[in-house]
Amino acid sequence: MAMATNRTTNLCHCPGKTPRCRLLRQQGPKRAVLLPLSLKSSSYPPRMVPARAASLGPDGDTLPVDQKAFMDIVTVETVAEAFDVFAKWGVVRVPNLLSQEEVDSLLSAAKDHGVRRDAFAQDHQSDRYTLWIAGDGMSDAQLAATKAVKEKVACIERAIFHGDDSSWRPVCDAFGYPNLMLAEVVTSAPGGAAQDWHFDGEGITAQVSLVPIGATNGPTEIQPRPTPRAYMQWMKHLANQPPGELKDEMMETLAELTSEIKIMYDRLSKAHEFAWNTLRPILGGNVQVARSIVEAGLTPPVVHMVADVGCLTLYDASMIHRGGQNRSDEERPILAVHINKENKQERERTRIRERSGGMGQVISQNKARATRQRQPTVVAAGGAPGAPPQV
């Protein structure tokens, strides 16, 4: 790709002179923030945005007006449009990533060859279970499962990996998350209880609906505000400490600080909930005005991610979320793919550094490494490209 300085980069396939992924790495994601209800005058009258042809999914018409507006904002037609939307909102939806036939093929192969396991934070499978498909640090059984699924599912590269022009993985690459940590089919059983609220960590989580997901069969519920990075880093550090090593005064202070950060996050969510409880009766069904309010920074307290078959949803893995209660009499499977920065071996080295050198030292090292890796490798026009940086 020709650049203004007559140089090319081996990292970007974005159109135009300034590669989008380079801008995103330099600027970082832009997040919506809470604004007072006395919005700036420039926000009104509301922008009239043409209604989308894409369906919000089963029961989409029954969503509260703030959730409808948010879903409309973050829904795009193609993966190529997903970069900018994800950069601003931390969530993006792409309907029709997979066809019904492709979904059936993937689900059938997962049932035949996937490695059945307990779902996250559960020690039984009465509410939900997972079928492991791919990931890093694989056992022999897992390697065999991945090989079998790849052989049987023609769309697997588009659904999970890189080897397809319509793959969503370049979106993750652009934000510095190249590693496929885990791909699995998560199935919520009929009558399955809702998960506890949680976040997945630093990275991007992808979901593809393998059945129509409506209000009754347990859609993923997302609080569309990222958890502070510092909170995630310190919680990870606390979790990595061996039992009995939290008595140090500094560690006690750290635990207290992470608790305070979480309290502030919860208060922000409550403020959004109070504001929308007040606004919904006033707005009625006026999605256009609700959309303007959301775009001004007042995101919904929670969004129920209903979806038609084959719809892709990407969300910031630091966002607090849960699988909803399945009140239907049928299973609700989704493809869930977790993308992060480090592979299994790199994560283990990080844990060792944290225990030996202290979290502050590790954060400083990671920041320095991220600064060096933020710049794409460039070569002279016509020259051989170098290896892409590892992030």
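Colleague: Which hand does the crossing of H4 and H5 have?

Modeller: Keep in mind that this is a predicted model. H4 and H5 cross each other, and the crossing is right-handed.

Colleague: Which residues of H5 make the contact with H4?

Modeller: H4 contributes Ser105, Ala109, Asp112 and His113. Their counterparts in H5 are Ala145, Ala148, Val149 and Lys152.

Colleague: How do the directions of H4 and H5 relate to each other?

Modeller: H5 covers residues 140-152, and its axis comes within 9 Å of the axis of H4. The two axes cross at roughly 150°. Angles over 145 degrees count as roughly antiparallel. H4 and H5 are therefore roughly antiparallel.

Colleague: Let me step back to the whole chain. What percentage of its residues count as buried?

Modeller: The chain has 12 helices and 12 strands. Take contacts between residues at least 6 apart in sequence: 77% of them join residues at least 24 apart. Of the 391 residues, the share that counts as buried is 47%.

Colleague: What is the strand order in the open sheet of seven strands?

Modeller: The pairing in this sheet is antiparallel. Read across, the order is E2-E9-E6-E11-E5-E4-E3.

Colleague: Which are the edge strands there?

Modeller: Look for strands that pair on one side only. Residues 91-94 form one of them and residues 115-118 the other. These edge strands are E2 and E3.

Colleague: How much does the twist average from one strand to the next?

Modeller: The seven strands form an open sheet. From one strand to the next, its twist averages 25°.

Colleague: Which helix packs on this sheet, touching E3, E4, E5, E6 and E11?

Modeller: The helix spans residues 100-113. Its direction makes about 95° with that of E4. Angles of 65 to 115 degrees count as roughly perpendicular. The helix is H4.

Colleague: Back to the strands. Which residue of E9 is the bridge partner of Val94?

Modeller: E2 and E9 pair in the antiparallel sense over four bridges. Val94 has its bridge partner in E9, and that partner is Leu312.

Colleague: And which residue stands opposite Leu312 in the pairing of E6 with E9?

Modeller: E6 runs over residues 204-209, and E9 over 312-316. They pair in the antiparallel sense over five bridges. Opposite Leu312 stands Val208.

Colleague: Which residues of E2 are buried?

Modeller: In a regular strand, side chains alternate between the two faces of the sheet. Both faces of E2 are covered. On one side the buried residues are Val91 and Arg93; on the other they are Val92 and Val94.

Colleague: Where is His338, and what is its relative accessible area?

Modeller: His338 is found in strand E11. Its contacts beyond four places in sequence include Asn179, Leu182, Glu184, Asp200 and Thr205. The cut-off for buried is under 20% relative accessible area. His338 is buried because its value is 19%.

Colleague: Now Gln195. What distance separates its C-alpha atom from that of Arg322?

Modeller: Gln195 is found in the loop between E5 and E6. At 15% relative accessibility, Gln195 counts as buried. Gln195 and Arg322 are 127 residues apart along the chain. Their C-alpha atoms are separated by 5.3 Å.

Colleague: Which residue has its backbone nitrogen 2.8 Å from a polar atom of the Gln195 side chain?

Modeller: Leaving aside neighbours within four places in sequence, Gln195 is in contact with Phe120, Gln122, Arg128, Arg322 and Gly323. The backbone nitrogen at 2.8 Å belongs to Gly323.

Colleague: There is also an open sheet of three strands. Which are its edge strands?

Modeller: The order is E8-E7-E10, with antiparallel pairing. The strands at 303-304 and 319-323 each pair on one side only. They are E8 and E10.

Colleague: Which residue in E8 is the bridge partner of Ile222?

Modeller: E7, residues 220-226, pairs with E8 in the antiparallel sense over two bridges. The partner of Ile222 is Val303.

Colleague: How many of the residues of H2 are buried?

Modeller: H2 covers residues 65-74 and is mostly covered. Among the buried ones are Val65, Phe70, Met71 and Ile73. Of its 10 residues, the number buried is nine.

Colleague: Last, H10. Which residue takes a positive phi just after this helix?

Modeller: H10 spans residues 287-295, with Val289, Ile293 and Val294 among its buried residues. At its start, a side-chain oxygen of Asn286 reaches to within 3.3 Å of the backbone nitrogen of Gln288. Just after H10, the residue with a positive phi of about 130° is Gly297.

Definitions and conventions. Residues numbered from 1 in each chain as written. Predicted model: local features only at pLDDT ≥ 70, side-chain atom pairs only at ≥ 80, totals over all residues. Heavy atoms only, no water. Pairing = 2+ DSSP bridges. Axes fitted to C-alpha atoms, helices over the stretch in contact; angles between N-to-C directions. Contact = heavy atoms within 4.5 Å. Buried < 20%, exposed > 50% of the residue type's maximum accessible area, 1.4 Å probe, protein only. Polar contact = N/O pair within 3.5 Å; in protein donor to acceptor, adjacent residues only side chain to side chain. Parallel < 35°, antiparallel > 145°, perpendicular 65-115°, else oblique. Left-handed = near helix turned anticlockwise from the far one by under 90°.
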